[in-house]
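Let's take a friendly walk through a protein model. Please keep the sequence and the 3D view open beside you as you read.

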Amino acid sequence: VWEKILVTSWRTPIGLYKRLATVDASFIPLRPTVFANSKSAITPLVSMALGLPLVCSDALPYREFVTDGVDGLLVHNPADFGRALRDIRADDGLRDKLIAGGHATARQNFIQDHWVDWERALRSVM
């Protein structure tokens, strides 16, 4: 049954992650602005790691990280969020595919596997 909806702001405390484990899907809208284009894909990554089917705006930072139909759904306009929700609710195969794909993407982005890249980037600016 799809009845749990959680709306948060960026100011939400760390307890958010515990509450996220009780929701059915992750919806990440992003308006097409210059500021939005500078954002990272950390929110989709967290959603994938938590095993939530992901639906997010087809915005630059998400488009470069999410593979549409594999580890999440990219939507082009606000009305498409409703369609995506209906698709996920109606199709268990799609839901399971997005969850499995999201887990695979999250596993490829663990900090343990990329700490050398972060160290190199930090040293280059010091």
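Searching the whole structure turns up five salt bridges. Keep in mind that this is a predicted model, and that the distances below were calculated from its atoms. Three of the salt bridges are set out here, each with its N to O distance.

| Partners | N to O distance |
|---|---|
| Asp-58 and Arg-63 | 2.8 Å |
| Arg-123 and Glu-119 | 3.1 Å |
| Arg-83 and Asp-87 | 3.2 Å |

Let's take these pairs one at a time. Where in the chain is Arg-63, the partner of Asp-58? Arg-63 belongs to helix α4, which covers residues 60-63. Its relative accessible area is 41%, so Arg-63 is classed as partly exposed. A residue counts as exposed only over 50% and as buried only under 20%, so a value of 41% falls in between. Besides its salt bridge with Asp-58, Arg-63 has another residue to look at, Leu-74. The two are eleven residues apart along the chain, and 7.3 Å separates their C-alpha atoms.

Next comes the pair in helix α7. Arg-123 and Glu-119 sit four residues apart in helix α7, so about one helical turn lies between them. Are these two partners buried or exposed? Arg-123 has a relative accessibility of 58%, so Arg-123 counts as exposed. Glu-119, at 30%, is partly exposed. Elsewhere in the chain, Asp-80, Arg-83 and Asp-87 are joined into one network by salt bridges that share partners.

Two members of that network, Arg-83 and Asp-87, are both found in helix α5, which spans residues 79-90. They are four residues apart there, about one turn of the helix. Arg-83 has a relative accessible area of 34%, so Arg-83 is partly exposed. Asp-87 reaches 31% and is partly exposed as well.

Helix α5 also holds Ile-88. Is Ile-88 buried or exposed? The relative accessibility of Ile-88 is 0%, and because buried means under 20%, Ile-88 counts as buried. In the sequence, Ile-88 and Leu-73 are 15 residues apart, while in space their C-alpha atoms are 9.6 Å apart.

Val-34 gives you something to set beside Ile-88. Val-34 is part of helix α2, residues 34-37. With a relative accessible area of 74%, Val-34 is exposed, whereas Ile-88 is buried. Along the chain, Val-34 and Leu-60 are 26 residues apart, and their C-alpha atoms are separated by 9.9 Å.

Now step back and look at the chain as a whole. How many helices and strands are there in the protein chain? The answer is seven helices and three strands. If you follow the sequence from its start, these elements appear in the pattern α-β-α-α-β-α-β-α-α-α. The chain has 126 residues, and 34% of them count as buried.

Let's return to helix α7, this time for its nonpolar residues. Which residues form a nonpolar patch on the surface? They are Ile-111, Trp-115, Val-116 and Trp-118, and together they have about 450 Å² of accessible area. Val-116, one of the four, is located in helix α7, which runs over residues 111-125. Its relative accessible area is 36%, so Val-116 is partly exposed. Membership of such a patch calls for over 30%, and therefore Val-116, at 36%, meets that cut-off.

Finally, turn to the open spaces. Rolling a probe the size of a water molecule over the atoms reveals where empty space remains. The second largest pocket has a volume of about 290 Å³. It is lined by 15 residues, and the closest to its centre are Leu-30, Arg-31, Pro-32, Ser-57 and Pro-78. What kinds of residues make up the lining of this second largest pocket? Eight are nonpolar, four are polar and three are charged. Try finding Arg-31 and Ser-57 in your 3D view, as both are among the residues closest to the centre of this pocket.

How values were computed. Residues numbered from 1 in each chain as written. Predicted model: local features only at pLDDT ≥ 70, side-chain atom pairs only at ≥ 80, totals over all residues. Heavy atoms only, no water. 1 Å grid on protein atoms, 1.4 Å probe; cavity = no way out; pocket = protein on both sides within 12 Å on 5 of 7 lines; lining within 4 Å. Points joined across faces, edges and corners; volume = space filled by probe spheres on them. Nonpolar A, V, L, I, M, F, W, Y, C, P; charged D, E, K, R; others polar. Patch = residues over 30% accessible without salt bridge, like charges linked within 9 Å, V, L, I, M, F, W, Y side chains within 5 Å. Areas by Shrake-Rupley, 256 points an atom, 1.4 Å probe, with all protein chains shown as cover. Salt bridge = Lys/Arg side-chain N within 4 Å of Asp/Glu carboxyl O. Buried < 20%, exposed > 50% of the residue type's maximum accessible area, 1.4 Å probe, protein only.
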